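Biologist: I would like to go through this protein with you. Please give me the reasoning behind each label.

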Amino acid sequence: MGSQVETLIRSTVTKGAEALASFNRKRLPKTEHPFLSGIHTPMVQELELTDLAVTGTIPAALDGRYLRIGPNPVDPDPAGYHWFIGDGMVHGLRLQDGKALWYRNRWIRSNAVAKALHEEPAPGPRHSFDTVNTNVVDVAGRTFALVEAGSYPVELDETLDGQTYNPFDGTLQGSFTAHPHRDPKTGEQHAICYEGRNPGEIRHVVLSPEGRVMREQPIPVQHGPMIHDCAITDRFVLILDLPVTFSMPTMLAGHGFPYRWNPDHQARIGLMPRAGAAEDVIWCDVTPGYVFHVANAYDAPDGTVVMDVCAYRTMFADNAGGPNAQSRGLERWTIDPATREVTIATIDASPQEFPRPDERFFGQPYRYAFAMALPTDPAAQFVGATNLYRHDLETGTRQTHDFGPDRHPGEFVFVPASPDAPEGEGWLIGLVIDLPHETTDLVILDAMVLEGAPVASIRLPHRVPPGFHGNWIPTGQTK
């Protein structure tokens with residue numbers, strides 16, 4: 001009975017806070033928003049294009065879809081807007097037999113989007129909220145769009161038109177994450193999940209190789225930390241409990257994204273045995289900073305844990321409409337479970353984000369990490385650099401691909417040349433905005449010769465706004 005009463009009280013308080021936030025949002029200034037204008041201006045229609053110009057030769061081995069998602073408000077309102085809360089839009093390109101068969105973009109049919117489009121919303125149960133805008137992944141041969149902190153995943157069909165809110169066939173009880181990580185040894189997918197409405201708890205969620213939830217382990221925390229990513233090793237799940245936390249004053253003021261830098265929150269990394277309970281977590285304090293994304297992590301022979309991340313000095317220290325802090329570059333955090341000490345070493349101080357490994361080696365010792373350069377000025381609305389990096393962590397060297405003036409890459413994903421190809425042998429695939437011409441290219445690079453010309457480039461006759469994450473979904477993995 002106590003838990004039922006607590007849930008009722010929390011629900012009542014939350015509804016009252018949301019009503020006050022909605023009232024105050026209407027009083028915020030409606031000035032031009034940097035994440036709704038310029039390169040970030042949303043698309044206004046859904047397209048289906050089949051006559052796509054191709055430069056170079058698309059590798060015949062690439063048979064599948066490149067999918068990427070990001071925020072694209074259907075009815076943009078600058079008052080209280082933040083880049084992270086915009087309505088989700090999925091972009092997809094289908095490649096087969098060396099040809100680009102189609103491009104499609106589709107809004108995720110949340111209740112609000114469906115209402116704006118005068119359509120029926122996507123079917124399926126809702127949880128907390130239903131805006132989904134952050135990642136598109138394969139889970140057991142099915143394609144899911146993901147977001148953190150509240151909504152259930154949305155299952156997508158081959159064409160992106162079929163959409164269903166699906167908590168993994170009813171096995172997911174709470175929220176999910178934008179960044180589940182598949183263990184290549186077991187086929188399980190691990191996630192650290194948090195609920196925007198429950199700041200005192202996070203959960204370790206594990207999906208079976210068949211795509212069903214097999215574990216939801218609660219872990220108590222303080223202040224409601226925003227945990228965007230996690231990592232795994234053979235021994236541990238790594239929890240990034242860092243000083244960006246839920247801010248009730250920010251929410252009540254009407255800002256749509258209620259997370260801010262919190263200097264009173266102790267930055268720490270949790271090493272949780274993969275089948276352990278909350279009391280088994282080894283918490284290790286770390287120098288304050290913030291991490292959106294992990295490149296990889298693994299157990300070292302000396303018993304320590306190595307984790308490579310893109311880090312920031314702070315994040316969301318004010319009411320900016322998106323990421324607004326100085327990047328510290330790519331770093332290696334070495335965590336000692338015995339002493340609970342964390343040592344930070346700089347791999348590359350150049351500002352960068354969206355680190356990706358060859359994911360066949362996730363959770364294992366690895367050699368290559370790929371990342372997108374960031375502008376040196378953190379006020380440049382996150383996008384503005386023109387480079388993509390390949391880090392050789394064995395030799396300590398870096399290769400760079402420069403796309404040229406005013407050509408801005410997003411996240412690139414690594415695709416191996418074959419299932420058993422050596423690490424790093426394959427292609428990097430991602431979208432590049434040609435800002436002066438208001439066009440976009442899907443660019444395919446040889447990952448081992450990054451400085452060379454693209455293997456192929458597929459032209460889209462419009463600008464795809466900068467987004468978040470995507471993946472290559474081979475045809476054989478799609479049901």
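Modeller: What follows is a set of questions and answers on a predicted model.

Biologist: How many helices and strands are there in the protein chain?

Modeller: The protein chain has 3 helices and 32 strands.

Biologist: What makes the protein chain as compact as a globular protein of that length?

Modeller: Compare two values. The radius of gyration is 21 Å, and the globule rule gives 23 Å for 479 residues. The two are close, so the chain is as compact as a globular protein of that length. The C-alpha trace spans about 65 × 60 × 45 Å along its principal axes.

Biologist: What share of the residues is buried?

Modeller: Buried residues make up 60% of the 479. The cut-off for that label is under 20% relative accessible area. The chain exposes about 18,700 Å², and carbon and sulfur atoms supply 52% of that area.

Biologist: What share of the contacts comes from residues 24 or more positions apart?

Modeller: Among contacts with a separation of 6 or more, such residues account for 61%.

Biologist: How far apart are the mean positions of the positive and negative charges?

Modeller: They are 4 Å apart, for 39 positive and 59 negative charges.

Biologist: Let us turn to one strand. Why is S4 called largely enclosed?

Modeller: Count its residues. In S4, 8 of the 9 residues are buried, so the rest of the structure largely encloses this strand.

Biologist: How do you know that S3 and S4 pair?

Modeller: The cut-off is at least two bridges between the strands. S3 and S4 have 8 bridges and are antiparallel. Therefore they count as a pair. One of the bridges sets Arg-68 against His-91 in S4.

Biologist: Which strand do another 8 bridges join to S4?

Modeller: That is strand S5, residues 99-107, which runs antiparallel to S4. Gln-96 stands opposite Lys-99 in S5. The hairpin of S4 and S5 has 2 residues between the strands, and Asp-97 takes a positive phi near 55° there.

Biologist: Where is His-82, and why is it called buried?

Modeller: His-82 sits in the loop between strand S3 (64-71) and strand S4 (88-96). Its relative accessible area is 2%. Buried means under 20%, so His-82 earns the label. Beyond its neighbours within four places in sequence, His-82 is in contact with His-33, Phe-257, Phe-316, Ala-320, Gly-321 and Gly-322.

Biologist: What makes Phe-168 buried?

Modeller: Its relative accessibility is 1%. The limit is 20%, so Phe-168 counts as buried. Phe-168 lies in the loop between strand S9 (163-165) and strand S10 (181-182). Its phi is near 55°, a positive value in a residue other than glycine.

Biologist: Why is Val-221 called buried?

Modeller: Its relative accessible area is 10%. That is under 20%, so Val-221 is buried. Val-221 lies in the loop between strand S13 (213-220) and strand S14 (230-232). Leaving aside neighbours within four places in sequence, its contacts include Pro-199, Gly-200, Asp-241 and Arg-268.

Biologist: How far is Val-221 from Val-137?

Modeller: Their C-alpha atoms are separated by 28 Å, and the two residues are 84 apart along the chain.

Biologist: Why is Asp-285 called partly exposed?

Modeller: Its relative accessibility is 46%. Buried needs under 20%, and exposed needs over 50%, so Asp-285 falls in between. Asp-285 lies in strand S19, residues 282-285.

Biologist: Which residues does Asp-285 touch?

Modeller: Not counting residues up to four places away in sequence, Asp-285 touches Gln-266, Ala-267, Arg-268, Arg-340 and Val-342. Take Arg-340. Asp-285 and Arg-340 are 55 residues apart along the chain, with their C-alpha atoms 7.3 Å apart.

Biologist: What makes Arg-340 partly exposed?

Modeller: Its relative accessibility is 44%. That value lies between the 20% and 50% limits, so Arg-340 counts as partly exposed. Arg-340 lies in the loop between S22 and S23. That hairpin has 4 residues between the strands, and Arg-340 takes a positive phi near 60°.

Biologist: How do you know that S22 and S23 pair?

Modeller: Again, at least two bridges are needed. Strand S22 (residues 327-336) and strand S23 (residues 341-348) have 7 bridges in the antiparallel sense. Therefore S22 and S23 pair. Within this pairing, Thr-334 stands opposite Thr-343 in S23.

Note on methods: Residues are numbered from 1 along each chain as its sequence is written. This is a predicted model: local features need pLDDT of at least 70, side-chain atom pairs count only at pLDDT 80 or more; totals for chains, interfaces and linings use all residues. Side-chain values use heavy atoms; hydrogens and water are left out. Buried means under 20% relative accessible area, exposed over 50%, partly exposed in between (1.4 Å probe, protein chains only). Contact means heavy atoms within 4.5 Å. The radius of gyration is taken over C-alpha atoms; the globule rule is 2.2 Å times the number of residues to the power 0.38. Accessible areas come from the Shrake-Rupley method with a 1.4 Å probe; for residues, only the protein chains shown count as cover. Lys and Arg count as positive and Asp and Glu as negative; His and the chain ends are not counted. The place of a charge is taken as NZ of Lys, CZ of Arg, CG of Asp or CD of Glu.
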